[in-house]
Amino acid sequence: MTDTATAAPVRTANPRVEQLLVDRWSPRSFDESAIPDEDLAVIFEAAGLAASAYNYQPWRFLYAKRGDANWDRFLSILIPFNASWVKDASVLIYIVSDTQMGEGENAKPAHAHSFDAGAAWANMALQATALGYHAHGMVGLDFDAARTELQVPDRFRIEAAVAIGKKDVPERLPEGLREREVPSTRKPVSEVAFAGNFK
Ligand SMILES: Cc1cc2nc3c(=O)[nH]c(=O)nc-3n(C[C@H](O)[C@H](O)[C@H](O)COP(=O)(O)O)c2cc1C
């Protein structure tokens with residue numbers, strides 16, 4: 001289906017699905033604009049409203065805004081393919097999660113740390129969408145470099161990176177990436193939700 005005004009492809013879903021969820025998708029063409037700190041603060045606050053086991057809030061967000069003192073260093077951690085388009089995004093965020101609950105002798109493994117950080121990422125992406133941005137998650141990065149470069153303590157797991165920015169036209173991208181600049185499809189519910197045992 002296409003948008004009648006722009007002819008851009010749009011995603012469709014059961015009309016009872018919340019529109020914000022339908023509108024979130026992961027483009028790669030960003031317009032180099034700056035993101036105000038106030039918007040970023042809203043996005044991080046929304047991310048932190050995610051539920052987490054024991055309300056432990058294991059997520060941490062390390063970020064650099066386009067052109068700031070950390071930007072080139074943050075960008076260099078991505079695989080070259082991702083860096084080639086993230087360079088035009090407004091902010092690059094690394095999400096890490098605390099694998100332990102408690103301190104010292106009381107520290108215990110936190111079973112749900114990645115699950116909870118994933119919930120925070122979902123909130124982040126949806127809030128960004130609601131504010132007129134797009135968010136694009138990434139695991140195409142050098143995890144060893146991220147740990148060293150960002151000085152992430154051993155007990156934290158580096159989960160993923162996220163680029164957020166204002167979407168630009170597909171023509172901005174090199175050929176080959178342009179046709180991928182559309183919302184993707186999904187497996188039918190019957191393939192992922194089972195009444196009863198695993199099928
Ligand atoms: C954790 C995670 C890692 C991803 N890694 C990459 C990546 O390294 N490079 C990339 O171009 N897209 C990456 N993606 C984007 C996915 O390919 C995209 O979300 C998926 O195809 C669904 O499309 P949609 O987000 O537009 O609905 C990643 C997404 C997530 C959530």
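Modeller: Two strands are said to pair if DSSP finds at least two bridges between them. The model discussed here is a predicted one.

Colleague: Why are E5 and strand E6 (residues 156-165) said to pair?

Modeller: E5 and E6 share five bridges, in the antiparallel sense. The requirement is at least two bridges, so E5 and E6 count as paired. In one of these positions, Ala-135 has Ile-164 of E6 as its bridge partner.

Colleague: What makes strand E1 (59-65) and E5 edge strands?

Modeller: The sheet is open and consists of four strands in the order E1-E2-E6-E5, with antiparallel pairing. E1 and E5 each pair on one side only. On average, neighbouring strands of this sheet are turned by 25° against each other, direction ignored.

Colleague: Which strands does helix H2 (residues 37-47) lie across?

Modeller: Helix H2 crosses E1, strand E2 (91-98) and E6, and runs at about 160° to E1. Helix H5 (residues 113-130) also packs on the sheet, where it touches E1, E2, E5 and E6. The direction of H5 makes about 10° with that of E6.

Colleague: Turning to the ligand, why does the side chain of Arg-11 count as making a polar contact with it?

Modeller: An N or O atom of the Arg-11 side chain is 2.6 Å from a ligand oxygen. The limit for such a pair is 3.5 Å, so this pair qualifies as a polar contact. For Arg-186, the corresponding distance from a side-chain N or O atom to a ligand oxygen is 2.7 Å. In Arg-24, a polar side-chain atom lies 2.9 Å from an oxygen atom of the ligand.

Colleague: How much of the ligand's accessible area does the protein cover?

Modeller: The ligand on its own has 620 Å² of accessible area, and the protein covers 67% of it. Helix H4 (80-86) and strand E5 (134-138) are the elements that give two or more residues to the surrounding shell.

Colleague: Which residues come nearest to the ligand, and how does the shell divide by character?

Modeller: There are 15 residues around the ligand, and Arg-11, Ser-26, Arg-28, His-136 and Arg-186 come nearest. The shell divides into five nonpolar, six polar and four charged residues. Arginine counts as charged and serine as polar.

Key:
Residues numbered from 1 in each chain as written. Predicted model: local features only at pLDDT ≥ 70, side-chain atom pairs only at ≥ 80, totals over all residues. Heavy atoms only, no water. Near = heavy atom within 4 Å. Polar contact = N/O pair within 3.5 Å; in protein donor to acceptor, adjacent residues only side chain to side chain. Areas by Shrake-Rupley, 256 points an atom, 1.4 Å probe, with all protein chains shown as cover. Axes fitted to C-alpha atoms, helices over the stretch in contact; angles between N-to-C directions. Contact = heavy atoms within 4.5 Å.
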